[in-house]
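Reader: I've just opened this one and don't know where to start. Can you walk me through it?

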Amino acid sequence: MTQLIKTKVKTTFLLLGLFTAMMVCAQEQTDSIAVSIKEEKQKNVSFIPLPVISSNPTNGFMYGLAPGATWFMGDPTTTSVSSGLGSVIYTTNKQLILTAKTNIFTENDNWNFLGDWRYFITSQPNYGLGTGPSSNQVVDAGFEYEDNMWSAPIDGAQMLEFNYIRFHETAMKRYKDTRLFLGVGYHLDIHSNIQDNLLDLESETPVLTSHYLYNTAHGFSTTGYTMSGVSLSASYDSRDNTTNPYSGRYAYINFRMNPEWLGSDQGSTMLWAEYRDYINLDKNRPRHMLAFWTYASSVTSGNVPYLDLPALGWDQFGKSGRAYTKGRFMGEDLWYAEMEYRVPLQKIKDTFGAVAFVNATSASNRMNDVHLFDHVDIGAGVGLRIMINKKRKTNLTLDYAWGQYGASGFYLGINETF
(Lines give C-alpha, C1' and ligand atoms only; values in the text may rest on other atoms or scores of the structure.)
Protein backbone atom coordinates (compact mmCIF):
# COMPACT_ATOMS: atom_id res chain seq x y z
CA MET A 1 0.00 0.00 0.00
CA THR A 2 1.13 3.55 -0.62
CA GLN A 3 1.34 6.02 2.26
CA LEU A 4 -1.79 7.75 0.91
CA ILE A 5 -3.80 4.53 1.03
CA LYS A 6 -2.55 3.77 4.54
CA THR A 7 -3.62 7.22 5.70
CA LYS A 8 -7.07 6.76 4.15
CA VAL A 9 -7.45 3.36 5.80
CA LYS A 10 -6.55 4.72 9.22
CA THR A 11 -8.94 7.65 8.76
CA THR A 12 -11.72 5.27 7.69
CA PHE A 13 -11.03 3.10 10.73
CA LEU A 14 -11.36 6.05 13.12
CA LEU A 15 -14.48 7.45 11.45
CA LEU A 16 -16.20 4.07 11.47
CA GLY A 17 -15.29 3.59 15.10
CA LEU A 18 -16.78 6.96 16.06
CA PHE A 19 -19.85 6.43 13.89
CA THR A 20 -20.51 2.97 15.35
CA ALA A 21 -19.99 4.23 18.90
CA MET A 22 -22.74 6.81 18.34
CA MET A 23 -24.97 4.08 16.95
CA VAL A 24 -24.51 1.96 20.05
CA CYS A 25 -25.14 4.85 22.42
CA ALA A 26 -28.41 5.42 20.60
CA GLN A 27 -29.21 1.73 20.96
CA GLU A 28 -28.77 1.84 24.72
CA GLN A 29 -31.24 4.72 24.89
CA THR A 30 -33.83 3.42 22.46
CA ASP A 31 -33.11 -0.31 22.56
CA SER A 32 -32.72 -0.43 18.79
CA ILE A 33 -30.20 0.53 16.13
CA ALA A 34 -32.01 2.59 13.53
CA VAL A 35 -31.44 1.53 9.92
CA SER A 36 -28.79 -1.05 10.85
CA ILE A 37 -30.87 -3.79 12.53
CA LYS A 38 -34.29 -5.20 11.79
CA GLU A 39 -35.48 -7.75 14.38
CA GLU A 40 -38.29 -10.06 13.29
CA LYS A 41 -39.36 -11.44 16.66
CA GLN A 42 -42.22 -13.48 15.31
CA LYS A 43 -39.86 -15.50 13.13
CA ASN A 44 -37.06 -15.53 15.71
CA VAL A 45 -34.72 -13.98 13.16
CA SER A 46 -32.16 -11.22 13.63
CA PHE A 47 -31.20 -9.52 10.35
CA ILE A 48 -28.37 -7.00 10.03
CA PRO A 49 -27.98 -5.26 6.62
CA LEU A 50 -24.43 -4.09 7.23
CA PRO A 51 -23.12 -1.49 4.77
CA VAL A 52 -19.58 -2.12 3.61
CA ILE A 53 -17.07 0.71 3.65
CA SER A 54 -13.81 -1.07 4.22
CA SER A 55 -10.36 -1.84 2.92
CA ASN A 56 -8.06 -4.83 2.73
CA PRO A 57 -4.91 -5.71 0.78
CA THR A 58 -6.70 -7.82 -1.85
CA ASN A 59 -9.64 -5.60 -2.72
CA GLY A 60 -8.56 -2.05 -1.98
CA PHE A 61 -11.56 0.01 -0.84
CA MET A 62 -14.81 -1.93 -0.78
CA TYR A 63 -18.35 -0.56 -1.16
CA GLY A 64 -21.60 -2.46 -0.93
CA LEU A 65 -23.81 -4.47 1.38
CA ALA A 66 -22.88 -7.48 3.54
CA PRO A 67 -26.06 -8.66 5.28
CA GLY A 68 -25.81 -11.05 8.20
CA ALA A 69 -28.56 -13.05 9.88
CA THR A 70 -28.95 -15.38 12.84
CA TRP A 71 -31.95 -17.52 13.68
CA PHE A 72 -33.09 -20.63 15.54
CA MET A 73 -34.77 -23.54 13.80
CA GLY A 74 -35.97 -25.01 17.08
CA ASP A 75 -36.05 -24.44 20.81
CA PRO A 76 -33.04 -22.18 21.61
CA THR A 77 -32.29 -24.26 24.70
CA THR A 78 -31.71 -27.38 22.57
CA THR A 79 -30.89 -25.92 19.16
CA SER A 80 -27.72 -24.04 18.20
CA VAL A 81 -28.04 -20.68 16.51
CA SER A 82 -27.88 -20.77 12.70
CA SER A 83 -26.09 -18.03 10.83
CA GLY A 84 -25.77 -16.69 7.32
CA LEU A 85 -23.50 -14.07 5.78
CA GLY A 86 -23.79 -12.58 2.32
CA SER A 87 -22.20 -9.85 0.31
CA VAL A 88 -22.78 -7.71 -2.75
CA ILE A 89 -19.59 -5.69 -3.08
CA TYR A 90 -17.74 -3.65 -5.66
CA THR A 91 -14.17 -2.54 -5.07
CA THR A 92 -11.77 0.13 -6.28
CA ASN A 93 -9.81 -2.71 -7.91
CA LYS A 94 -12.83 -3.22 -10.20
CA GLN A 95 -13.88 -6.45 -8.53
CA LEU A 96 -17.40 -7.81 -8.13
CA ILE A 97 -17.91 -10.06 -5.10
CA LEU A 98 -21.13 -12.01 -4.52
CA THR A 99 -21.22 -14.51 -1.65
CA ALA A 100 -23.65 -16.52 0.47
CA LYS A 101 -22.22 -18.50 3.39
CA THR A 102 -24.31 -20.46 5.88
CA ASN A 103 -23.97 -22.60 8.99
CA ILE A 104 -27.41 -24.08 9.71
CA PHE A 105 -28.60 -26.29 12.59
CA THR A 106 -32.01 -27.94 12.39
CA GLU A 107 -34.25 -28.54 15.41
CA ASN A 108 -32.41 -30.15 18.34
CA ASP A 109 -29.23 -29.98 16.22
CA ASN A 110 -30.24 -33.13 14.36
CA TRP A 111 -28.52 -31.87 11.20
CA ASN A 112 -25.80 -29.35 10.45
CA PHE A 113 -25.52 -27.84 6.96
CA LEU A 114 -22.50 -25.84 5.77
CA GLY A 115 -22.82 -23.76 2.61
CA ASP A 116 -20.35 -21.64 0.68
CA TRP A 117 -21.51 -20.08 -2.60
CA ARG A 118 -19.43 -17.46 -4.44
CA TYR A 119 -19.27 -15.64 -7.74
CA PHE A 120 -16.26 -13.40 -8.28
CA ILE A 121 -15.06 -11.22 -11.09
CA THR A 122 -11.82 -10.51 -9.36
CA SER A 123 -8.06 -10.22 -9.27
CA GLN A 124 -5.35 -10.94 -6.77
CA PRO A 125 -1.57 -10.61 -6.61
CA ASN A 126 0.25 -13.91 -6.51
CA TYR A 127 3.67 -14.52 -4.98
CA GLY A 128 4.41 -18.11 -5.93
CA LEU A 129 4.25 -21.12 -3.63
CA GLY A 130 5.53 -21.51 -0.08
CA THR A 131 6.27 -19.12 2.78
CA GLY A 132 9.41 -17.19 3.63
CA PRO A 133 11.88 -16.48 0.81
CA SER A 134 10.37 -19.31 -1.26
CA SER A 135 7.10 -17.39 -1.60
CA ASN A 136 8.71 -15.09 -4.16
CA GLN A 137 10.25 -17.84 -6.28
CA VAL A 138 8.92 -19.00 -9.62
CA VAL A 139 8.51 -22.76 -9.42
CA ASP A 140 11.00 -25.04 -11.12
CA ALA A 141 8.76 -26.73 -13.66
CA GLY A 142 11.39 -29.08 -15.01
CA PHE A 143 12.15 -27.02 -18.11
CA GLU A 144 15.60 -27.27 -19.68
CA TYR A 145 17.00 -23.81 -19.23
CA GLU A 146 19.62 -22.39 -21.56
CA ASP A 147 21.85 -19.48 -20.60
CA ASN A 148 19.85 -16.22 -20.62
CA MET A 149 16.86 -18.00 -22.20
CA TRP A 150 14.37 -17.11 -19.47
CA SER A 151 13.99 -14.20 -17.09
CA ALA A 152 15.20 -14.47 -13.51
CA PRO A 153 12.73 -15.56 -10.79
CA ILE A 154 10.14 -12.85 -10.26
CA ASP A 155 10.59 -10.82 -7.10
CA GLY A 156 7.22 -9.39 -6.11
CA ALA A 157 3.59 -9.69 -7.10
CA GLN A 158 2.33 -11.55 -10.16
CA MET A 159 -1.16 -10.17 -10.82
CA LEU A 160 -3.87 -12.64 -11.84
CA GLU A 161 -7.36 -11.66 -13.04
CA PHE A 162 -10.08 -14.31 -13.20
CA ASN A 163 -13.74 -15.24 -12.78
CA TYR A 164 -14.57 -17.73 -10.07
CA ILE A 165 -17.61 -19.85 -9.21
CA ARG A 166 -17.72 -21.84 -5.99
CA PHE A 167 -20.56 -24.11 -4.87
CA HIS A 168 -19.81 -26.05 -1.68
CA GLU A 169 -22.52 -27.80 0.35
CA THR A 170 -21.99 -30.22 3.24
CA ALA A 171 -24.69 -32.05 5.22
CA MET A 172 -23.82 -33.72 8.53
CA LYS A 173 -26.09 -35.81 10.79
CA ARG A 174 -25.73 -35.69 14.55
CA TYR A 175 -24.66 -38.99 16.07
CA LYS A 176 -27.19 -39.93 18.78
CA ASP A 177 -27.04 -37.45 21.69
CA THR A 178 -23.39 -36.58 21.27
CA ARG A 179 -21.89 -33.43 19.73
CA LEU A 180 -20.37 -35.52 16.93
CA PHE A 181 -21.67 -34.94 13.38
CA LEU A 182 -20.97 -37.13 10.33
CA GLY A 183 -21.81 -36.42 6.72
CA VAL A 184 -21.05 -35.91 3.04
CA GLY A 185 -20.67 -32.95 0.72
CA TYR A 186 -20.35 -31.76 -2.86
CA HIS A 187 -17.79 -29.17 -3.96
CA LEU A 188 -17.46 -27.36 -7.29
CA ASP A 189 -14.76 -24.81 -8.17
CA ILE A 190 -14.58 -23.22 -11.63
CA HIS A 191 -11.89 -20.68 -12.60
CA SER A 192 -12.33 -19.05 -16.00
CA ASN A 193 -11.10 -16.09 -18.07
CA ILE A 194 -7.74 -16.21 -16.28
CA GLN A 195 -5.39 -13.41 -17.31
CA ASP A 196 -1.81 -13.74 -16.12
CA ASN A 197 -0.80 -10.11 -16.50
CA LEU A 198 2.95 -10.52 -16.02
CA LEU A 199 3.28 -13.51 -18.35
CA ASP A 200 5.08 -12.62 -21.61
CA LEU A 201 6.03 -15.48 -23.91
CA GLU A 202 6.71 -13.26 -26.93
CA SER A 203 9.44 -10.98 -25.62
CA GLU A 204 13.10 -11.53 -26.43
CA THR A 205 13.58 -12.78 -22.89
CA PRO A 206 10.26 -14.45 -22.02
CA VAL A 207 8.78 -13.76 -18.59
CA LEU A 208 7.35 -16.89 -16.97
CA THR A 209 5.10 -16.80 -13.92
CA SER A 210 4.40 -19.31 -11.18
CA HIS A 211 0.86 -19.87 -12.43
CA TYR A 212 2.05 -20.62 -15.97
CA LEU A 213 4.94 -22.88 -14.97
CA TYR A 214 2.99 -24.86 -12.36
CA ASN A 215 -0.03 -25.50 -14.60
CA THR A 216 2.13 -26.31 -17.63
CA ALA A 217 4.22 -28.76 -15.63
CA HIS A 218 1.10 -30.53 -14.33
CA GLY A 219 -0.87 -30.53 -17.58
CA PHE A 220 -3.53 -27.94 -16.72
CA SER A 221 -4.82 -25.13 -18.90
CA THR A 222 -3.47 -21.69 -18.05
CA THR A 223 -6.74 -19.90 -18.89
CA GLY A 224 -9.36 -21.91 -16.98
CA TYR A 225 -10.02 -25.16 -15.12
CA THR A 226 -12.61 -27.06 -13.10
CA MET A 227 -12.43 -29.12 -9.92
CA SER A 228 -15.53 -31.08 -8.92
CA GLY A 229 -15.69 -33.53 -6.04
CA VAL A 230 -17.46 -35.19 -3.15
CA SER A 231 -16.33 -35.33 0.45
CA LEU A 232 -16.66 -37.21 3.73
CA SER A 233 -16.84 -34.99 6.82
CA ALA A 234 -16.89 -35.22 10.60
CA SER A 235 -17.18 -32.47 13.18
CA TYR A 236 -17.35 -32.09 16.95
CA ASP A 237 -18.97 -28.89 18.18
CA SER A 238 -19.54 -28.08 21.86
CA ARG A 239 -19.43 -24.27 21.53
CA ASP A 240 -22.07 -22.36 23.48
CA ASN A 241 -22.57 -20.04 20.50
CA THR A 242 -21.34 -20.62 16.96
CA THR A 243 -20.95 -16.93 16.02
CA ASN A 244 -19.35 -15.64 19.24
CA PRO A 245 -18.31 -18.50 21.54
CA TYR A 246 -17.45 -17.98 25.19
CA SER A 247 -16.71 -21.65 25.85
CA GLY A 248 -16.41 -25.07 24.21
CA ARG A 249 -14.41 -26.37 21.28
CA TYR A 250 -14.82 -27.18 17.62
CA ALA A 251 -13.09 -29.77 15.43
CA TYR A 252 -13.72 -30.47 11.76
CA ILE A 253 -12.18 -32.79 9.21
CA ASN A 254 -13.05 -33.06 5.51
CA PHE A 255 -11.63 -35.49 2.96
CA ARG A 256 -12.43 -34.42 -0.60
CA MET A 257 -12.23 -36.62 -3.70
CA ASN A 258 -12.18 -34.97 -7.15
CA PRO A 259 -12.58 -37.64 -9.85
CA GLU A 260 -12.47 -36.88 -13.55
CA TRP A 261 -15.82 -38.59 -14.13
CA LEU A 262 -17.44 -35.92 -11.91
CA GLY A 263 -16.04 -33.09 -14.02
CA SER A 264 -12.56 -32.44 -12.64
CA ASP A 265 -9.79 -31.74 -15.14
CA GLN A 266 -7.63 -34.27 -13.28
CA GLY A 267 -8.26 -36.68 -10.43
CA SER A 268 -7.05 -35.70 -6.95
CA THR A 269 -7.79 -35.86 -3.23
CA MET A 270 -7.46 -33.16 -0.56
CA LEU A 271 -7.62 -33.09 3.23
CA TRP A 272 -8.80 -30.28 5.51
CA ALA A 273 -8.46 -30.50 9.33
CA GLU A 274 -9.44 -27.71 11.74
CA TYR A 275 -9.59 -27.10 15.51
CA ARG A 276 -10.80 -24.20 17.68
CA ASP A 277 -10.77 -23.78 21.47
CA TYR A 278 -11.88 -21.10 23.95
CA ILE A 279 -10.40 -20.59 27.43
CA ASN A 280 -12.04 -18.25 29.95
CA LEU A 281 -9.74 -16.07 32.06
CA ASP A 282 -12.42 -14.72 34.42
CA LYS A 283 -15.34 -16.87 35.54
CA ASN A 284 -17.40 -13.76 36.24
CA ARG A 285 -16.73 -12.25 32.80
CA PRO A 286 -16.82 -15.05 30.21
CA ARG A 287 -16.02 -12.51 27.49
CA HIS A 288 -12.51 -12.16 29.00
CA MET A 289 -10.81 -15.06 27.27
CA LEU A 290 -8.20 -16.56 24.98
CA ALA A 291 -9.37 -18.06 21.68
CA PHE A 292 -7.34 -20.45 19.52
CA TRP A 293 -7.79 -21.50 15.90
CA THR A 294 -5.67 -23.74 13.70
CA TYR A 295 -6.20 -25.58 10.44
CA ALA A 296 -4.20 -27.54 7.91
CA SER A 297 -4.97 -28.29 4.26
CA SER A 298 -3.09 -30.60 1.91
CA VAL A 299 -3.17 -32.17 -1.54
CA THR A 300 -2.99 -35.85 -0.58
CA SER A 301 -2.91 -37.41 -4.07
CA GLY A 302 -2.89 -36.34 -7.71
CA ASN A 303 -2.59 -32.74 -8.86
CA VAL A 304 -4.92 -29.77 -8.48
CA PRO A 305 -4.87 -26.55 -10.56
CA TYR A 306 -2.84 -23.62 -9.29
CA LEU A 307 -5.66 -21.43 -7.95
CA ASP A 308 -7.28 -24.43 -6.22
CA LEU A 309 -4.19 -25.15 -4.11
CA PRO A 310 -4.53 -24.58 -0.34
CA ALA A 311 -4.19 -20.83 0.17
CA LEU A 312 -4.42 -18.29 2.98
CA GLY A 313 -7.78 -16.52 3.21
CA TRP A 314 -9.74 -19.08 1.23
CA ASP A 315 -11.41 -20.80 4.21
CA GLN A 316 -15.22 -20.93 4.22
CA PHE A 317 -15.76 -17.48 5.71
CA GLY A 318 -12.52 -15.96 4.37
CA LYS A 319 -11.37 -14.95 7.86
CA SER A 320 -7.82 -16.32 8.02
CA GLY A 321 -4.70 -14.27 7.47
CA ARG A 322 -5.68 -10.80 8.69
CA ALA A 323 -2.94 -8.41 7.43
CA TYR A 324 -2.28 -10.33 4.22
CA THR A 325 -3.85 -10.26 0.79
CA LYS A 326 -6.05 -13.26 0.00
CA GLY A 327 -3.87 -16.05 -1.38
CA ARG A 328 -0.64 -14.32 -0.24
CA PHE A 329 0.71 -17.71 0.88
CA MET A 330 -0.20 -20.94 -0.87
CA GLY A 331 1.21 -24.36 -1.60
CA GLU A 332 0.47 -28.05 -1.87
CA ASP A 333 0.40 -28.06 1.96
CA LEU A 334 -0.64 -25.18 4.20
CA TRP A 335 -0.84 -24.74 7.99
CA TYR A 336 -2.43 -21.78 9.79
CA ALA A 337 -2.75 -20.88 13.47
CA GLU A 338 -4.15 -17.87 15.31
CA MET A 339 -4.51 -16.79 18.93
CA GLU A 340 -6.78 -13.94 20.00
CA TYR A 341 -7.03 -12.22 23.37
CA ARG A 342 -10.57 -10.92 23.96
CA VAL A 343 -11.49 -8.52 26.76
CA PRO A 344 -14.59 -6.45 27.68
CA LEU A 345 -14.02 -2.71 27.99
CA GLN A 346 -16.77 -2.12 30.56
CA LYS A 347 -16.98 -3.35 34.14
CA ILE A 348 -20.51 -4.74 33.89
CA LYS A 349 -21.92 -4.19 30.42
CA ASP A 350 -20.79 -6.05 27.31
CA THR A 351 -21.42 -3.41 24.66
CA PHE A 352 -17.76 -2.64 23.99
CA GLY A 353 -14.82 -5.02 23.81
CA ALA A 354 -11.34 -5.22 22.35
CA VAL A 355 -9.09 -7.89 20.88
CA ALA A 356 -5.42 -8.39 20.16
CA PHE A 357 -4.34 -11.22 17.89
CA VAL A 358 -1.37 -12.90 16.27
CA ASN A 359 -1.40 -15.41 13.41
CA ALA A 360 1.15 -17.67 11.75
CA THR A 361 1.21 -19.35 8.32
CA SER A 362 3.45 -21.95 6.72
CA ALA A 363 3.15 -23.36 3.18
CA SER A 364 5.14 -25.82 1.11
CA ASN A 365 6.56 -25.61 -2.40
CA ARG A 366 7.14 -29.24 -3.35
CA MET A 367 8.56 -28.42 -6.78
CA ASN A 368 11.30 -26.31 -5.16
CA ASP A 369 11.81 -28.77 -2.28
CA VAL A 370 10.40 -26.36 0.32
CA HIS A 371 8.67 -28.25 3.12
CA LEU A 372 5.95 -27.29 5.54
CA PHE A 373 7.39 -25.38 8.54
CA ASP A 374 10.66 -24.58 6.75
CA HIS A 375 9.42 -20.98 6.99
CA VAL A 376 6.65 -19.36 9.05
CA ASP A 377 5.24 -15.88 8.34
CA ILE A 378 3.57 -13.84 11.09
CA GLY A 379 0.75 -11.30 11.25
CA ALA A 380 -0.70 -9.38 14.22
CA GLY A 381 -3.27 -6.74 14.99
CA VAL A 382 -5.83 -5.14 17.30
CA GLY A 383 -9.53 -4.56 17.05
CA LEU A 384 -12.70 -3.07 18.53
CA ARG A 385 -15.85 -5.07 19.25
CA ILE A 386 -19.34 -3.54 19.55
CA MET A 387 -22.18 -5.84 20.58
CA ILE A 388 -25.17 -4.79 18.48
CA ASN A 389 -27.43 -7.68 19.51
CA LYS A 390 -26.94 -8.84 23.10
CA LYS A 391 -29.46 -11.68 22.87
CA ARG A 392 -27.53 -13.35 20.02
CA LYS A 393 -24.13 -11.99 21.12
CA THR A 394 -23.69 -10.49 17.65
CA ASN A 395 -20.61 -8.27 17.35
CA LEU A 396 -19.66 -5.60 14.88
CA THR A 397 -15.91 -6.09 14.37
CA LEU A 398 -13.32 -3.49 13.34
CA ASP A 399 -9.72 -4.71 13.05
CA TYR A 400 -6.41 -3.39 11.81
CA ALA A 401 -3.56 -5.83 11.17
CA TRP A 402 0.09 -5.70 10.19
CA GLY A 403 2.21 -8.43 8.61
CA GLN A 404 5.59 -9.05 7.06
CA TYR A 405 6.72 -7.64 3.69
CA GLY A 406 4.88 -4.37 4.38
CA ALA A 407 1.44 -6.02 4.52
CA SER A 408 -1.44 -4.35 6.39
CA GLY A 409 -5.20 -4.12 6.19
CA PHE A 410 -8.43 -2.86 7.78
CA TYR A 411 -11.35 -5.24 8.28
CA LEU A 412 -15.01 -4.49 9.07
CA GLY A 413 -17.39 -7.39 9.65
CA ILE A 414 -20.10 -9.17 11.62
CA ASN A 415 -19.46 -11.96 14.17
CA GLU A 416 -16.11 -12.96 15.59
CA THR A 417 -13.35 -14.07 13.26
CA PHE A 418 -13.54 -17.57 14.76
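Author: Sure. One term before we begin: a contact means heavy atoms within 4.5 Å. Also keep in mind that this is a predicted model.

Reader: Okay. Which residues does Leu188 touch, then?

Author: Leaving out residues up to four places away in sequence, Leu188 touches Ile165, Arg166, Phe167, His168, Thr226, Met227, Ser228 and Arg256.

Reader: Where does Leu188 lie?

Author: In strand S8.

Reader: Is Leu188 buried or exposed?

Author: Buried. Its relative accessibility is 19%, and the cut-off for buried is under 20%.

Reader: How far apart are Leu188 and Gly263?

Author: In sequence, 75 residues. In space, 9.0 Å from C-alpha to C-alpha.

Reader: Let's zoom out. How many helices and strands are there in the protein chain?

Author: The chain has 2 helices and 17 strands. It runs to 418 residues, and 54% of them are buried.

Reader: What about contacts between residues 24 or more positions apart?

Author: Take the contacts with a separation of 6 or more. Residues 24 or more positions apart account for 62% of those.

Reader: And how much area does the chain expose?

Author: About 18400 Å², with carbon and sulfur atoms supplying 61% of it.

Reader: Now the inside. What's in the largest nonpolar core?

Author: That core has 27 residues. Tyr252, Tyr295, Leu312, Tyr324 and Tyr336 have the most contacts inside it.

Reader: Which elements give two or more residues to this core?

Author: Strands S10 (249-258), S11 (268-280), S12 (289-302), S13 (333-344) and S14 (352-363). S12 provides the largest share, 4 residues.

Reader: Anything apart from that core?

Author: Yes, another core of 23 residues lies apart from it. Ala66, Phe162, Ile194 and Met227 are among its members.

Reader: Back to Tyr336. What does Tyr336 touch?

Author: Not counting residues up to four places away in sequence, Tyr336 touches Trp293, Thr294, Tyr295, Leu312, Ser320, Gly321, Arg322, Asn359, Ala360 and Thr361. Tyr336 also belongs to a cluster linked by ring pairs, together with Trp272, Trp293, Tyr295 and Phe418.

Reader: Rings, nice. How many aromatic pairs does the structure hold?

Author: It holds 18. One of them is Phe105 with Phe181.

Reader: Why is the pair of Phe105 and Phe181 edge-to-face?

Author: Because the planes of Phe105 and Phe181 stand at 70°, and planes over 60 degrees apart count as edge-to-face. The ring centres are 6.1 Å apart.

Reader: Which strands hold Phe105 and Phe181?

Author: Phe105 is in strand S5 and Phe181 in strand S8 (residues 180-196). The two are 76 residues apart, so the pair links distant parts of the chain. Phe105 is buried, at 0% relative accessibility. Phe181 is buried too, at 0%.

Reader: What about Tyr214 and Tyr306?

Author: They form an edge-to-face pair, 5.5 Å centre to centre with 70° between the planes. Tyr214 sits in helix H2 (residues 210-218), and Tyr306 in the loop between S12 and S13, 92 residues apart. Both are buried.

Reader: Last topic, the surface. Which residues form the nonpolar patch there?

Author: Val88, Leu98, Tyr119, Ile121 and Ile165 form a nonpolar patch with about 370 Å² of accessible area together.

Reader: Where is Leu98?

Author: In strand S5 (residues 96-105). Leu98 is partly exposed, with a relative accessible area of 30%.

Technical notes: Residues are numbered from 1 along each chain as its sequence is written. This is a predicted model: local features need pLDDT of at least 70, side-chain atom pairs count only at pLDDT 80 or more; totals for chains, interfaces and linings use all residues. Side-chain values use heavy atoms; hydrogens and water are left out. Patches are made of residues with over 30% relative accessible area and no salt bridge: like charges are joined within 9 Å, nonpolar side chains (Val, Leu, Ile, Met, Phe, Trp, Tyr) within 5 Å. Accessible areas come from the Shrake-Rupley method with a 1.4 Å probe; for residues, only the protein chains shown count as cover. A salt bridge is a side-chain nitrogen of Lys or Arg within 4 Å of a carboxyl oxygen of Asp or Glu. Buried means under 20% relative accessible area, exposed over 50%, partly exposed in between (1.4 Å probe, protein chains only). A nonpolar core is a set of buried Ala, Val, Leu, Ile, Met, Phe, Trp, Tyr and Cys residues joined through side-chain atoms within 4.5 Å. Rings of Phe, Tyr and Trp (its six-membered ring) pair if their centres lie within 6.5 Å; planes under 30 degrees apart count as stacked, over 60 as edge-to-face and the rest as tilted.
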